[in-house]
Amino acid sequence: MQCLRAYYDTRKRTHLLNAGKYFSTFPVVAVASLVAEVQERRKDFYGDYIFFLWLALALFHAIYVFAWDILMDWGLLRQQKVNPLLRSCLLFKRRWLYYAAVAFDIILRFAWTLKVSISVSIWFGSDVLLLVLAVCEVGRRFVWNFLRLEHEQVKYYEELGSALGGDEGEQLASLNAVPGDHLIGPEEEEVAT
C-alpha cells in the first residue's frame, strides 16, 4: 500500500512497478497452497498443470524481485566504462564484492527450486533444507540491506554534488566513506583495478 500511496503522491511509475513486485507474491502463495493440497492427495503431482502454473509464477516472481534488487535497490548493472556493470560511484574499492553480492542474490532468489527438486529432497529432510534456506535468506537480506543503504548514500551525495556544483558532493561522500575505503570514480579507475 505504501508504494501505491507514493504513486498517488508523485505519479512516478516506478512506485507502481515496486507495488507490482510485492503483489507478484500473492499468486505464487495462492497457487502453492493448491499444489500442496494436490500433493497430499496424489504422489504424482509433478504432472499436474497446477504445479507448472506455480512454477511459472514463482519463476516470474524470482526474476522480477532479482531485477528490482539489482537495478533499483542497489543501482547496479549500469553500462559505463569506469566500473563495468556496476555504477560510476562505488563506496568500496573492491569491486568483486559487488559482483559477489549479485551472484549471492541470484543464487538465493532461486534457492526455492531446491524445495521442488526430487533428488535434493532425498538427500535432505525437508526440515533441514528449510533451516538451511532460512539461514541463507537471513544472509541475503543482510547483504541486500547493506547495499541498499550504500546506494541511497551514493544517490544522496550525487544529488548534493550536482546541487553544489559537482566536486563538493564527492568530497562530502569521501569524508563519509568507511575508513580504508574510498569512492571509485572516473579519476581513480586505474587505482581500483
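Is cysteine 89 buried or exposed? In this predicted model, cysteine 89 has a relative accessibility of 9% and so counts as buried. Cysteine 3 is buried too, with a relative accessible area of 13%. As for bonds between cysteines, the count of disulfides comes to zero.

Two spots in the backbone catch the eye. Most residues other than glycine have a negative phi. Arginine 11 goes the other way, with a positive phi near 60°. Its place is the loop between helix 1, which covers 2-10, and helix 2, which covers 13-23. Arginine 11 is exposed there, its relative accessible area being 52%. Leucine 85 also has a positive phi near 60°, and it is likewise not a glycine. Leucine 85 sits in the loop between helix 4 (49-73) and helix 5 (95-109). With a relative accessible area of 40%, leucine 85 is partly exposed.

On to the aromatic rings. The whole structure has seven aromatic pairs. One of them joins phenylalanine 51 and phenylalanine 52 in an edge-to-face arrangement, with 5.4 Å from centre to centre and 70° between the planes. The planes count as edge-to-face because the cut-off for that class is over 60 degrees. The two partners differ in how much of them shows: phenylalanine 51 counts as buried at 5% relative accessibility, whereas phenylalanine 52 is partly exposed at 45%. Another pair, phenylalanine 92 with phenylalanine 146, is stacked, the centres being 5.7 Å apart and the planes 25° apart. Phenylalanine 92 belongs to the loop between helix 4 and helix 5, while phenylalanine 146 belongs to helix 8 (residues 126-164), so this pair ties together parts that lie 54 residues apart in sequence. Here, too, one ring is buried and its partner is not: phenylalanine 92 counts as buried at 11% relative accessibility, and phenylalanine 146 counts as partly exposed at 44%. Back at the edge-to-face pair, ring pairs link Phe51 and Phe52 with Trp54 into a cluster.

Charged side chains come next, and the structure holds ten salt bridges. Among them is the one between arginine 5 and aspartate 9, whose closest N and O atoms are 3.2 Å apart. Arginine 5 and aspartate 9 are four residues apart in helix 1, so about one helical turn separates them.

Helix 8 offers further examples. Glutamate 137 forms a salt bridge with arginine 140, and the closest N and O atoms are 2.8 Å apart. Both residues lie in helix 8, three residues apart, or about one turn of the helix. Arginine 140 is buried, with a relative accessible area of just 4%, while glutamate 137 is partly exposed at 22%. Arginine 148 and glutamate 152 form another salt bridge, with 2.7 Å between the closest N and O atoms. They also share helix 8, four residues apart, again about one turn of the helix. Both ends of this bridge count as partly exposed: arginine 148 has a relative accessibility of 23%, and glutamate 152 has 30%. Some bridges share partners, and in this way Asp69, Asp105, Arg109, Glu137, Arg140 and Arg141 are joined into one network. The bridge between glutamate 137 and arginine 140 thus has both of its ends in that network.

Last comes a histidine in helix 8, histidine 151. Histidine 151 is buried, with a relative accessible area of 7%. A polar atom of its side chain lies 3.2 Å from the backbone oxygen of aspartate 73. Which residues does histidine 151 contact, leaving aside its neighbours within four places in sequence? They are Met72, Asp73, Trp74, Gly75 and Arg87. Aspartate 73 thus appears both in this contact list and as the residue whose backbone oxygen faces the histidine 151 side chain at 3.2 Å.

Terms used:
Residues are numbered from 1 along each chain as its sequence is written. This is a predicted model: local features need pLDDT of at least 70, side-chain atom pairs count only at pLDDT 80 or more; totals for chains, interfaces and linings use all residues. Side-chain values use heavy atoms; hydrogens and water are left out. Helices (H or I, at least four residues) and strands (E, at least two) are DSSP runs, numbered from the N terminus. Buried means under 20% relative accessible area, exposed over 50%, partly exposed in between (1.4 Å probe, protein chains only). A disulfide is a pair of cysteine sulfur atoms within 2.5 Å. Rings of Phe, Tyr and Trp (its six-membered ring) pair if their centres lie within 6.5 Å; planes under 30 degrees apart count as stacked, over 60 as edge-to-face and the rest as tilted. A salt bridge is a side-chain nitrogen of Lys or Arg within 4 Å of a carboxyl oxygen of Asp or Glu. A polar contact is a pair of N or O atoms within 3.5 Å; within protein, one must be able to donate a hydrogen and the other to accept it, and residues adjacent in sequence count only if both atoms are side-chain atoms. Contact means heavy atoms within 4.5 Å.
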